[in-house]
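Reader: I am new to this structure and would like to learn how to read it. Could you take me through it feature by feature?

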Amino acid sequence: MKITLKLFASLAVHLPRAARSRHRTDLEVEPGATVADVILQQRIPPGQCAIVLVDGVWVAPPERAARVLAEGEVLAIWPPVAGG
Amino acid sequence: MAWTKNVLRVNLEAGTCTTEPLNLQWAQDYLGQRGLATKYLVSEIDPKVDPFSPKNKLIFVTGPLTGTMAATGGRYSVVTKGPLTGAIACSNSGGYFGAELKFAGWDMVIFEGASPKPVYLLINDGQAELVDASHLWGKTVWETEEIIKTQLQDPQIRVASIGRAGENRVLYAAIVNDLHRAAGRSGVGAVMGSKSLKAVAVRGTRTDAYAPANPEAFFAATEAGKKVLAANGVTGQGLPTYGTQVLMNVINELGALPTRNHREVQFEGAHDISGEAMHEKRPTDGKTNLVTNGACFGCTIACGRISRMDPGHFSVKDKPQYHGASGGVEYEAAWALGAANGVNDLEALTYANFLCNEDGFDPITFGATVGAAMELYEMGVLTEQEVGFKLPFGSTEAMVKLAELTARGEGFGKVMGLGSKRLCTKYGHPELSMTVKSQEFPAYDGRALQGMGLAYATNNRGACHLRGYMVSPEVLGIPVKMEPQATEGKPAMLKAFQDLTAVVDSAGICLFTTFAWGLQDIQPQIQAACEGDWSEERLLLVGERIWNLEREFNLAAGFTKKDDNLPPRLLKEPAQTGPQKGAVSKLDVMLPEYYQLRGWTPEGVPTAETRKRLGV
């Protein structure tokens, strides 16, 4: 099953080198994979996953192990950031 | 005492500078900076005064923590009646100017009247004089600062000045200090220009002008505060590395990035103009747009962006004055100059931002006005003949050209200098101005983020993100996560944010500390700096008092409930894409509850009980 993984700011280093400048890559994951599974598989430090969105919708830390990803969904993750 | 207790009153008509004692009772009631200067302004001017009348006043003001070892303690504000909105205007700036004014021994400088000829104010510690500025009139901010420092042979003088935009009364002209830090919004620079006041130059060397009330406690409290900032992921790592610009992709993914005059909520070019893009090497010259980060006085966050353009870019190819490193785009500027117009050229955005700094005008209102003009052009209402060139959405060349014309006050730039409300009204479509109280929205869609919509509608200085930053709970989960489309709890959270922000803006510190600090971190610093009891409860009461005082000024100026509104586009045209697809603002659901929580009547007027409780 294919999803899109987007990693921004300092998390881009966890993407394949060729994908880092666009901050996104297509990813093959097992059916039933959760947000937490992908974070673990990609060796992204969970403590650095401050903003986690699936198709733009916030996934809170306690929900990440239960949120099953569907074909074609976009998982986007940022470290602690802010602006204004 | 953390206040210097000295106010400098400058009568520009008579050419006099006089000293008077700070009203210490007002300092106890309004703390400093935004709150204290608002109290002075409200007490001294007619709310209905023409902002450009000599009877309007212009106040430069510091806070009790300005010029101290408190982290980010370098802020100052400029308070006046604003020409863009006709409402209270308070613009806050960092850099080093504010601390220098405090070092010279002044809590605030009140300018009254208008000078018959161009002048600048020179402050050297306790000495102040008005100096002829005929030779500076017509110069840019960058030229003015250099000339003053060179003539006085003192590179350590700090200068806050207006460029040609302020002289030409561009309604959103800024006051710029330290070359690229600005009291940017609401047109405070145009009021300065109307008074023929070109600059304020300050040298402060006094060490006896003020001191914290309890030095040991102050040292401990400020050290504790710095540790909190350093340990926090946002203020310790995220902001220093990526600046506010890191929000570009966040807000776009969330479907809350206003695009092409708010017609859309996602921008296909967002990545090209993002904080991440500023870190990437350009294909043209192999260098990055971002050179380094930068900090204001006493700041341990250092979110500022210092950029260098590609010297081969069409906008600066033959202009070596723009080839050096200078203030780069922050998130709001990048959005306004980019997504708001459909422009995705980071170098062009940087150039336009340089122009905003160089000649002193607000990139948010300017960029949003470009977006409105482009929509009018695409509708056929505004023609190539009137503008002088083609003006479709996404035209980098047109955006750059408009920035140059606005800076110089030439051609169609004169119309651009009026802002989008007057532009759209002039061409028969006031509904296309994306404004509240005639001030343009910043970079978050008020449909996609319901709390931000309410924040815009109720803001005392018109649409603005810095008086109740509901993006924190609605996007970042700070201090708690709230769903963007939810309305429940938003009025109460907004009121708490507005009151707390008024405290921060009155203390002399930067609002960005609040990504890490709560009131429990700020209170001990104020308590140790200032005489008296400054409990958290009292501070929030001070914040609420300030908010209501600003409200009272606006009501007396003629604003009513109908001005607490959003453009029809946000109320009736649903978001078309992304996770907020279908959303419109539910302002009608939230506003009555907000009024009730504020202790206001259903018409938005503070009740007699509220006035009595707050002492307003």
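Author: What follows goes from the contact between chains to domains, sheets, helices and one residue. This is a predicted model, in which local features need pLDDT of at least 70 and side-chain atom pairs count only at pLDDT 80 or more, while totals for chains, interfaces and linings use all residues. Residues are numbered from 1 along each chain as its sequence is written, and chains are lettered from A and ligands numbered from 1 in the order in which they are written.

Reader: How many residues does each chain bring to the contact?

Author: Two residues are in contact if their C-beta atoms, placed from the backbone, lie within 7 Å. Here chain A gives 22 residues and chain B gives 29 residues. On the chain A side, β3 (51-54), β4 (57-58) and β5 (74-78) of chain A each supply at least two residues. Helices (H or I, at least four residues) and strands (E, at least two) are DSSP runs, numbered from the N terminus. By class, that side of chain A has 14 nonpolar, six polar and two charged residues. Ala, Val, Leu, Ile, Met, Phe, Trp, Tyr, Cys and Pro count as nonpolar, Asp, Glu, Lys and Arg as charged, and the others, Gly among them, as polar.

Reader: In what order do the strands of the open sheet in chain A run?

Author: Strands of a sheet pair through backbone hydrogen bonds, either parallel or antiparallel. Two strands count as paired if DSSP finds at least two bridges between them. In chain A, five strands form an open sheet with mixed pairing, in the order β2-β1-β5-β3-β4. The edges are β2 (24-28) and β4 of chain A, each with a single partner strand, so one side of each has no neighbour in the sheet. β3(A) and β4(A) pair in the antiparallel sense over two bridges, and A:Val54 has A:Val57 in β4(A) as its bridge partner.

Reader: Which domains does the assignment give for chain B?

Author: Domain bounds come from an automatic or database domain assignment. For chain B it gives domain 1 (6-203), domain 2 (259-433) and domain 3 (450-614). The centres of domain 1 and domain 3 of chain B, taken over C-alpha atoms, are 26 Å apart. In the contact between these two domains, 37 residues of domain 1 of chain B meet 29 residues of domain 3 of chain B. The largest share of the domain 1 side, seven residues, comes from α2(B). By class, that side of domain 1 has 13 nonpolar, 18 polar and six charged residues.

Reader: Which strands does α2(B) touch where it packs on the sheet?

Author: The sheet comes before the helix. Six strands of chain B form an open sheet in the order β2-β1-β6-β3-β4-β5, with mixed pairing. Its edges are β2 (16-21) and β5 of chain B, each with a single partner strand, so one side of each lacks a neighbour in the sheet. The twist averages 20° from one strand to the next. Axes are lines fitted to C-alpha atoms, for helices over the stretch in contact, and angles run from 0 to 180 degrees between N-to-C directions. Within this sheet, β1 (residues 6-11) and β6 (residues 108-112) of chain B pair in the parallel sense over five bridges, and B:Leu8 stands opposite B:Val109 in β6(B). α2(B) packs on the sheet and touches β3 (58-62), β4 (76-81), β5 and β6 of chain B, its direction making about 25° with that of β4(B).

Reader: What length should helix α12 of chain B span?

Author: The expected span of a helix is 1.5 Å times one less than its number of residues. For the 14 residues of α12 (residues 346-359) of chain B this gives 20 Å, and the end C-alpha atoms are 20 Å apart, which agrees. A residue is buried if 20 or more other C-beta atoms lie within 10 Å of its own, exposed if 12 or fewer, and partly exposed in between, with C-beta atoms placed from the backbone. By that rule, 14 of the 14 residues of α12(B) are buried.

Reader: Is B:Thr144 buried or exposed?

Author: B:Thr144, found in helix α4 (residues 141-151) of chain B, is buried, with 26 other C-beta atoms within 10 Å.
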